[in-house]
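Work through these exercises with the model open beside you. Try each task before you read its solution.

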Amino acid sequence: MTAPPGGAPAPAPAPLTVLGPEHGGGRLTDVLPSALAVLGVPGSADPLGLVPALVGVRRIAVLLVDGLGWYQLPTAAPYAPTLAGLAATVARPLIAGFPSTTPTSLVSLGTGVAPGAHGVLGFTVRMPGTDRVLTHTDWAADPSPLRWQPVPTQLERARAAGVAVSVVSRPEFGGSGLTLAANRGGDFRGAIGADAVSATMLAALSAGHGPTLVSGYHADLDRHGHLSGVDSAPWRIAANEVDALLARLVDGLPPDAALLVTADHGQLNVPATHRFDLDTDPRLRGGVRLVAGEARVRYLHVAPGAADDVVAAWSAVLGDAARVRTRDEVVATGWFGPVPEEHLGRIGDVVVTCNDTYAVLATRTERPMASRLVAYHGSDTAAELTVPLLVVRG
């Protein structure tokens, strides 16, 4: 058995064990509070214990690699030698949170709080009191990001304490609802591709002389996983590009800087035989008024009084492929953290959480591409929830 990150047993390929919120260890929500503690921002806790290891650090770059799950590290290693070396020496696992999807995790990272509090509770969610489904990745100004996501970000806290704060991501994300929900408080810098992301992050990191925080985002690994599958040829090329990005960041770190690398979720390939279609099976449409969420976690908003019938029907059709529960049951698990009344309606009356490598598609009512993907995420398996944290000093 090879030596693993952090000295624990080497991770098995994409374990499909379901995790609970009581699972021990650090969380994605801990990353920025700990970084701010290193930078001396008053009132910042250090749940990850970074302060002793990063004494003297005054600049921190935080890079989120979309789709780089903890259990994808061994798969990427042959195409990413820098990543493999860091994983073997300076990595530990974190829990991203539920649902394990990009909008939820980005805002959990940016705010340092659980999804129930920040309210970005899925890839798509119903806007309470309406029949509108909000897709968080296409969100502009309606609803208002400051009202929809009311929690101050960690970047705002840092800026208020005198830290120079920058956000590096694709230009089209500047000013989007999701960017404002997750990263308001930072100066936005657009960058396309791994080379531009590394150069822009390093330039922002070195621009001043005082405490500095740079938050960067790179999406290509996730995109190629979705389109072609984890460990496909395009995914391997994307892993190699991530490796080059990491190598440039590590080589360019100023001596008083540190790099923190993490992710929003893992991914797993879903075979054709493990796909249900809610749009072609009338048993799955009865009593359901509106569907949100995504393929691995479905939020079903039902007709008045229909919740029990919907739970029974979906349980009968999906069997062991999913757990079908009411909103109250899922909230009671604690995965969302405390959920204020104004956020409860964003969760379905019935929540369908897929097991193993199953998914529930909506081939007629969602974008056609969503049903043609190879890899998915969103559920509460270890493969999807567990992400790495790499910590590198300059």
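**Exercise 1. Find how helix 10 and helix 11 pack, and name the residues that meet.**

Solution. Step 1: locate helix 10 at residues 220-228. Helices here are DSSP runs of H or I with at least four residues, strands are runs of E with at least two, and both are numbered from the N terminus. Step 2: take the axes, which are lines fitted to C-alpha atoms, for helices over the stretch in contact; angles run from 0 to 180 degrees between N-to-C directions. The axes of helix 10 and helix 11 lie 8 Å apart, at an angle of about 175 degrees. Step 3: classify the angle. Helix 10 is therefore roughly antiparallel to helix 11 (under 35 degrees counts as roughly parallel, over 145 as roughly antiparallel, 65 to 115 as roughly perpendicular, the rest as oblique). Step 4: list the contacts, meaning heavy atoms within 4.5 Å. D220, L221, H224, G225 and S228 of helix 10 meet P234, W235, A238, A239, E241 and V242 of helix 11.

A note on the source: this is a predicted model, where local features need pLDDT of at least 70 and side-chain atom pairs count only at pLDDT 80 or more, while totals for chains, interfaces and linings use all residues. Residues are numbered from 1 along each chain as its sequence is written, and side-chain values use heavy atoms, with hydrogens and water left out.

**Exercise 2. Do the same for helix 9 and helix 11, and add the handedness of the crossing.**

Solution. Step 1: helix 9 covers residues 193-206. Its axis and that of helix 11 come within 9 Å and cross at roughly 20 degrees. Step 2: that angle makes helix 9 roughly parallel to helix 11. Step 3: the crossing is right-handed (the near helix is turned clockwise from the far one by less than a right angle; anticlockwise would be left-handed). Step 4: on the helix 9 side, the meeting residues are A194, D195, V197, S198, M201 and L202. Their counterparts in helix 11 are E241, L245, R248, L249 and G252.

**Exercise 3. Work out the strand order of the eight-strand sheet, then find its edges.**

Solution. Step 1: the order is 1-3-18-9-2-8-6-7, in an open sheet with mixed pairing. Two strands pair if DSSP finds at least two bridges between them. Step 2: strand 1 (26-27) and strand 7 (187-190) each have a single partner strand, so one side of each lacks a neighbour in the sheet. Step 3: check the pairs. Strand 2 (residues 59-65) and strand 9 (residues 257-262) run parallel over six bridges, with V62 opposite L260. Strand 2 also runs parallel to strand 8, joined by seven bridges; A61 has V214 as its bridge partner. Strand 6 and strand 8 are parallel too, with five bridges, and V168 faces G216. Step 4: see what packs on the sheet. Helix 9 touches strands 2, 6, 7, 8 and 9, and its direction makes about 175 degrees with that of strand 8.

**Exercise 4. Is strand 8 buried or exposed?**

Solution. Step 1: fix the cut-offs. Buried means under 20% relative accessible area, exposed over 50%, and partly exposed in between (1.4 Å probe, protein chains only). Step 2: seven of the seven residues of strand 8 are buried, so the rest of the structure largely encloses it. Step 3: sort the side chains. T212, V214, G216 and H218 point one way, while L213, S215 and Y217 point the other. Step 4: follow L213. Beyond four places in sequence, L213 touches eleven residues, among them L32, L36, I60 and V165.**Exercise 5. Which residues touch the most other members of the largest nonpolar core?**

Solution. Step 1: define the core as a set of buried Ala, Val, Leu, Ile, Met, Phe, Trp, Tyr and Cys residues joined through side-chain atoms within 4.5 Å. Step 2: out of 97 residues, the answer is V31, I60, L63, L213, L260 and Y299. Step 3: helix 11 (residues 233-252) gives the most to this core, with seven residues. Step 4: look for another core. A second, separate one has 20 residues, including V310 and C354.

**Exercise 6. Describe the sheet that holds strand 12.**

Solution. Step 1: four strands form an open, antiparallel sheet in the order 12-13-15-14. Step 2: its edge strands are strand 12 (288-294) and strand 14 (322-326). Step 3: the twist averages 20 degrees from one strand to the next. Step 4: strand 12 pairs with strand 13 (residues 297-302) over six bridges, and G293 stands opposite R298.
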